[in-house]
There are 2 protein chains.
Amino acid sequence: MKKNKLATLEDLYVHELKDIYNAEKQLTKALPKLAKAASSQQLKTAFEEHLEETQNQISRLDQIFERLGQRSTSTDKCDAMEGLIKEGDKFIKEEAAPAVHDAGLIVGAQKVEHYEIAAYGSLCTFAEILNFEDDLNLLKENLSEEEAADEKLSQLAESGINEAAEVGAQRDFD
Amino acid sequence: MKKNKLATLEDLYVHELKDIYNAEKQLTKALPKLAKAASSQQLKTAFEEHLEETQNQISRLDQIFERLGQRSTSTDKCDAMEGLIKEGDKFIKEEAAPAVHDAGLIVGAQKVEHYEIAAYGSLCTFAEILNFEDDLNLLKENLSEEEAADEKLSQLAESGINEAAEVGAQRDFD
């Protein structure tokens, strides 16, 4: 099916909004699987909390679509998020020591966060150039949450899980 | 086919090294297509320069695999990079005003850079915990190059291309 021409920056902005919208929707289905797969309670909680944040982020995107008079739904699937989730699903099934498994889940989740940071970063730039002040504030909130989620995952990785991975692995061989 | 158990953090480290290795290899095929699709000469040059950097990054990963006594090849495809590239390929084919098209290519490329920043960030953390000093230095070089490439793309987006997108689009309607 022939796509509409992207004639203006606003067209591209809407195109990218639909992409991240679909990505966030896919993520709401993936996060409960990650929470279930995590061994550490802290990591489970982090995934559960990020699911709530993701739902709020979708609501903010809904507000933007409403203002733009655009439908938030799209038949276009975000292929990148699909790939990220496929990689995560494969990893969930890997046989691994629990602490090593958790460390790998964090790697996968941080890749997802970085996808979203890049997406919201570009959307903020577009909203700024287009003088969409209200959108910009909403998009900045989403961006800040993704950055904070990434930072939290880094802390979980650094303060314990990776070191536990070493200990846990040694214990497997004791 | 049954996967080997990831018993230790080093196993996970090698798993993630193979993932980014495959991702970089996929990227060497995608970057020339992005360079060809770009309208702005600056953007073409940025993609071409990043292809050279990517080839150097692969050489650094080869050195790490050699030191670890591991094969750098893997039958495991990086699904996430495949998805990112699929999204980029779709965008290349979109009918769009040249400046708008360039702005969209930058968005796609920044998502790729962020995937790699997340991957190398995790690998650096692992190399540090595993006390693989030589690896850490090589991985830090790759990480710095990805961060610099992302920064350069942000500059290209901010200093001209996005604003050109507005002008170019207005011209379409004159």
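Modeller: Let us begin with a term: a residue counts as buried under 20% relative accessible area, as exposed over 50%, and as partly exposed in between. By that rule Tyr21(A) is buried, and Phe65(A) is buried as well. Please keep in mind that the model in front of us is predicted.

Colleague: Thanks! What is chain A built from, in helices and strands?

Modeller: Chain A has five helices and zero strands. Read from the N terminus, its elements run α-α-α-α-α. Of the 174 residues in chain A, 57% are buried.

Colleague: What makes Tyr13(A) count as buried?

Modeller: Its relative accessibility is 0%. The cut-off is under 20%, so Tyr13(A) belongs with the buried residues. Phe132(A) has a relative accessible area of 16%, which is also under 20%, so Phe132(A) is buried too.

Colleague: How many aromatic pairs does the structure hold over all chains?

Modeller: There are four aromatic pairs over all chains.

Colleague: Why is the pair of Tyr13(A) and Phe132(A) called tilted?

Modeller: The ring centres are 5.6 Å apart and the planes make an angle of 55 degrees. Centres within 6.5 Å make a pair, and planes under 30 degrees apart would be stacked, over 60 edge-to-face. An angle of 55 degrees fits neither class, so this pair is tilted.

Colleague: How do you know that the pair of Tyr13(A) and Phe132(A) ties together parts that lie apart in sequence?

Modeller: Tyr13(A) lies in helix α1 of chain A, while Phe132(A) is in the loop between α4 and α5 (133-173) of chain A. The parts are 119 residues apart in sequence, so the pair joins distant stretches.

Colleague: Why is the pair of Tyr21(A) and Phe65(A) called edge-to-face?

Modeller: Its planes stand at 90 degrees, with 5.4 Å from centre to centre. The class needs over 60 degrees, and 90 degrees meets that, so the pair is edge-to-face. This pair links Tyr21(A) in helix α1 with Phe65(A) in helix α2 (residues 41-68) of chain A, 44 residues apart.

Colleague: What sits over the ring of Phe132(A)?

Modeller: The charged end of Arg67(A), 4.6 Å from the ring centre. The distance limit is 6 Å, so 4.6 Å falls inside it. In chain B, the charged end of Arg67(B) sits over the ring of Phe132(B), 4.6 Å from its centre.

Colleague: How do you know that chain A and chain B are related by a two-fold axis?

Modeller: A rotation of 180 degrees, with 0.0 Å of shift along its axis, superposes chain A on chain B with an RMSD of 0.0 Å. That is the relation of a two-fold axis. In chain A, the C-alpha nearest the axis belongs to Gly83(A), 2.3 Å from it.

Colleague: How do you know that the copies meet through the same surface?

Modeller: Of the interface residues of chain A, 100% are also interface residues in chain B, so the copies meet through the same surface.

Colleague: Gly83(A) is in α3(A), then. What covers the buried residues of α3(A)?

Modeller: Gly83(A) is one of those buried residues, with Leu84(A), Ile85(A) and Phe91(A) also among them. Their cover includes α1 (9-37) and α4 (98-129) of chain A, together with α1 (9-37), α3 (79-92) and α4 (98-129) of chain B.

Colleague: What makes the reach of helix α3 close to the expected one?

Modeller: Helix α3 (residues 79-92) of chain A has 14 residues and reaches 20 Å from its first C-alpha to its last, close to the 20 Å expected at 1.5 Å a residue.

Colleague: Why is Lys77(A) called partly exposed?

Modeller: Its relative accessible area is 35%. That lies between 20% and 50%, so Lys77(A) is partly exposed. Lys77(A) is in the loop between α2 and α3 of chain A. Leaving aside neighbours within four places in sequence, Lys77(A) is in contact with Asn22(A), Gln26(A), Glu82(A) and Lys90(B).

Colleague: And what makes Asn131(A) count as exposed?

Modeller: Asn131(A) has 60% relative accessibility, and the cut-off is over 50%, so it is exposed. Asn131(A) lies in the loop between α4 and α5 of chain A. Its phi is near 60 degrees, a positive value in a residue other than glycine.

Conventions. Residues numbered from 1 in each chain as written. Chains lettered and ligands numbered in written order. Predicted model: local features only at pLDDT ≥ 70, side-chain atom pairs only at ≥ 80, totals over all residues. Heavy atoms only, no water. Helix = DSSP H or I, 4+ residues; strand = E, 2+ residues; numbered from the N terminus. Expected span 1.5 Å × (residues − 1). Buried < 20%, exposed > 50% of the residue type's maximum accessible area, 1.4 Å probe, protein only. Contact = heavy atoms within 4.5 Å. Phe/Tyr/Trp six-rings, centres within 6.5 Å; stacked < 30°, edge-to-face > 60°. Lys NZ or Arg CZ within 6 Å of the ring centre and 35° of its normal. Least-squares fit on C-alpha atoms with pLDDT ≥ 70 in both.
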